[in-house]
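Hi,

Here is the structure I promised to pass on. Have a look at it first, and then read my notes underneath.

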Amino acid sequence: MGIRGELFTMQVTLENRSYFFNVKENRAGDLFLQIVESKKGDGADFDRHQIAIFEEDMPRVLKGLDDSLKFIEKARKEKAKAKAEKKVAKAEKFGAKKRIVRGKKDGKASDGIKRTGKIIHITSKMTDEKAESDENPEK
């Protein structure tokens with residue numbers, strides 16, 4: 001038996017708090033699980049909260065914990081499904097096409113940049129001027 005009657009201890013450290021799962025034995029020889037939450041408080045002190053679950057109550061407590069975890073997992077899946085359905089509905093409503101912004105008839109803005117949704121194609125003005133002069137040799 002360890003200090004303070006601890007038979008087994010496991011620590012789970014998170015970003016701003018730690019959890020200790022201690023299996024202990026009291027003076028009467030009864031086993032219980034002590035769960036301690038420790039988080040840094042103001043200054044150098046720590047806030048500690050603990051609960052004790054006795055051996056005869058563990059099956060009911062673990063069933064409650066298991067049911068809670070199943071509910072959380074089901075809610076997470078439903079939320080992900082709703083998000084995916086919303087995304088599909090939005091794509092159907094607005095279409096999956098890219099929006100094309102045009103400044104002139106040929107799809108090029110006056111600054112020589114062709115904008116097609118997420119991708120910007122930069123075209124050379126010299127190429128455009130040369131193409132126009134090839135079409136109209138009088139210039």
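Below is what I found, going from the overall fold to the salt bridges and a surface patch.

First, a caveat: this is a predicted model, so please read everything here in that light.

On the overall picture, the protein chain has 2 helices and 7 strands. Going along the sequence, the order is β-β-β-β-α-β-β-β-α. Of the 139 residues in the protein chain, 12% are buried. The protein chain exposes about 12,400 Å², and 56% of that comes from carbon and sulfur atoms. I also checked how contacts are spread along the sequence: taking those between residues at least 6 apart, 6% join residues at least 24 apart.

Now the salt bridges. How many does the structure hold? There are 4 salt bridges, and three of them, listed here, seem worth a look on screen:

- Glu37 with Arg17: the closest N and O atoms are 2.5 Å apart. This pair links distant parts of the chain, with Glu37 in strand β3 (residues 31-40) and Arg17 in strand β2 (residues 17-25), 20 residues apart. Glu37 counts as buried because its relative accessible area is 16%, under the 20% cut-off. Arg17, at 25%, is partly exposed.
- Lys63 with Asp67: these side chains meet at 3.0 Å, N to O. Both residues lie in helix α1, 4 residues apart, or about one turn of the helix. Lys63 has a relative accessible area of 52%, so it is exposed, while Asp67 is partly exposed at 37%.
- Lys70 with Asp66: here the closest N and O atoms are 3.5 Å apart. Again the two residues sit in helix α1 with a spacing of 4 residues, about one turn of the helix. Lys70 counts as exposed at 53% relative accessibility, and Asp66 is partly exposed at 36%.

Then there is the surface patch. Which residues form it? The nonpolar patch is made up of Leu62, Leu65, Leu69, Phe71 and Ile72, with about 540 Å² of accessible area together. One of them, Leu62, is placed in helix α1 (residues 58-94). Leu62 is partly exposed, with a relative accessible area of 48%; that value is over the 30% a residue needs to join a patch, so Leu62 passes on accessibility.

If you open the model, I'd go to the Glu37 and Arg17 pair, then to helix α1 for Lys63 and Asp67 and for Lys70 and Asp66.

Cheers

Key:
Residues numbered from 1 in each chain as written. Predicted model: local features only at pLDDT ≥ 70, side-chain atom pairs only at ≥ 80, totals over all residues. Heavy atoms only, no water. Patch = residues over 30% accessible without salt bridge, like charges linked within 9 Å, V, L, I, M, F, W, Y side chains within 5 Å. Areas by Shrake-Rupley, 256 points an atom, 1.4 Å probe, with all protein chains shown as cover. Buried < 20%, exposed > 50% of the residue type's maximum accessible area, 1.4 Å probe, protein only. Contact = heavy atoms within 4.5 Å.
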